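Reader: I would like to learn how to read the empty spaces and the packing in a model. Please take me through the one shown here.

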Amino acid sequence: MGYQQRSDARVYRLVVMAMLIGLGVVISPILRVEGMCPMAHLINITCSVLLGPWYSFVCATIIGIIRMTTMGIPPLALTGAVFGAALSGILYRASGGRIWAAVLGEIIGTGLLGAIVSYPVMTLFYGRTGLTWMFYVPSFIAGTLIGGTIAFFLLTALSRNGTLWQIQKKLGIQLFADPHKQAHQA
């Protein structure tokens, strides 16, 4: 890949990340209750598959900060997003491009790790009382299952018709299989 192609791919990645950030902020109020934001998980998984773990982590962080500052969302906007976003991308890559692995990473990263980290954040910094370490786990897992299911079906459909592979190629990220074989990896 030449310098111009690498430069173009980097610009495309930044544009896609910016679009996902905007979309994440706009659709996050859909189905949202405290501790459960399924649309954020849809964005995290999609970003992980399209751009990778680092971009997904940054995307989730920026969306969380925007939601906290403009919508008055508690720090759960960060604790409930960044761990799953990063782990989703890591497991997607480690599995050789399996979509289910990206979904599993989001479930483990947000549903368990993010939920457990949310307890001290909400107790110590936000003054919430009566919480336990596992307080947020049920709602975080429910949110990741809803958002993860939507992401799985969306990305699987894109994979089956070869669109996912074409997008990933245009973005200059690691490709795992040719478009005809990716449908079998979902």
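Reader: How much space lies in the second largest cavity?

Author: The general idea comes first. Rolling a probe the size of a water molecule over the atoms shows where empty space is left. In this predicted model, the second largest cavity holds about 40 Å³ of space. The structure has three cavities of 30 Å³ or more.

Reader: Which residues line the second largest cavity?

Author: The lining is made by Ala-40, Ile-43, Asn-44, Ala-60, Ile-63, Arg-67, Ala-77 and Ala-81. Helix H2 (38-51) and helix H3 (53-71) are the elements that give two or more residues to this lining. By class, the lining residues are six nonpolar, one polar and one charged.

Reader: Which residues of the largest nonpolar core touch the most other members?

Author: They are Leu-20, Leu-51, Cys-59, Tyr-92 and Leu-164, in a core of 28 residues. At least two residues each come from helix H1 (3-27), H2, H3, helix H6 (99-125), helix H7 (137-160) and helix H8 (163-171). H2 supplies the largest share, eight residues. Another core, also of eight residues, lies apart from this one and includes Ala-115, Tyr-119, Leu-131 and Tyr-136.

Reader: Which element has the lowest mean pLDDT, and which the highest?

Author: As a general rule, where pLDDT is low, the predicted coordinates should not be read in detail. Here helix H9 (residues 179-182) has the lowest mean among the elements, 52, and helix H5 (residues 82-94) the highest, 96. The chain averages 89, and 91% of the residues score at least 70.

Conventions: Residues are numbered from 1 along each chain as its sequence is written. This is a predicted model: local features need pLDDT of at least 70, side-chain atom pairs count only at pLDDT 80 or more; totals for chains, interfaces and linings use all residues. Side-chain values use heavy atoms; hydrogens and water are left out. On a 1 Å grid over the protein atoms alone, a cavity is a set of points where a 1.4 Å probe fits but cannot get out, and a pocket is an open set with protein on both sides within 12 Å along at least five of seven lines; lining residues have an atom within 4 Å of a point. Grid points are joined across faces, edges and corners, and a volume is the space filled by probe spheres set on the points. Helices (H or I, at least four residues) and strands (E, at least two) are DSSP runs, numbered from the N terminus. Ala, Val, Leu, Ile, Met, Phe, Trp, Tyr, Cys and Pro count as nonpolar, Asp, Glu, Lys and Arg as charged, and the others, Gly among them, as polar. pLDDT is the predictor's confidence in each residue, from 0 to 100. A nonpolar core is a set of buried Ala, Val, Leu, Ile, Met, Phe, Trp, Tyr and Cys residues joined through side-chain atoms within 4.5 Å. Buried means under 20% relative accessible area, exposed over 50%, partly exposed in between (1.4 Å probe, protein chains only).
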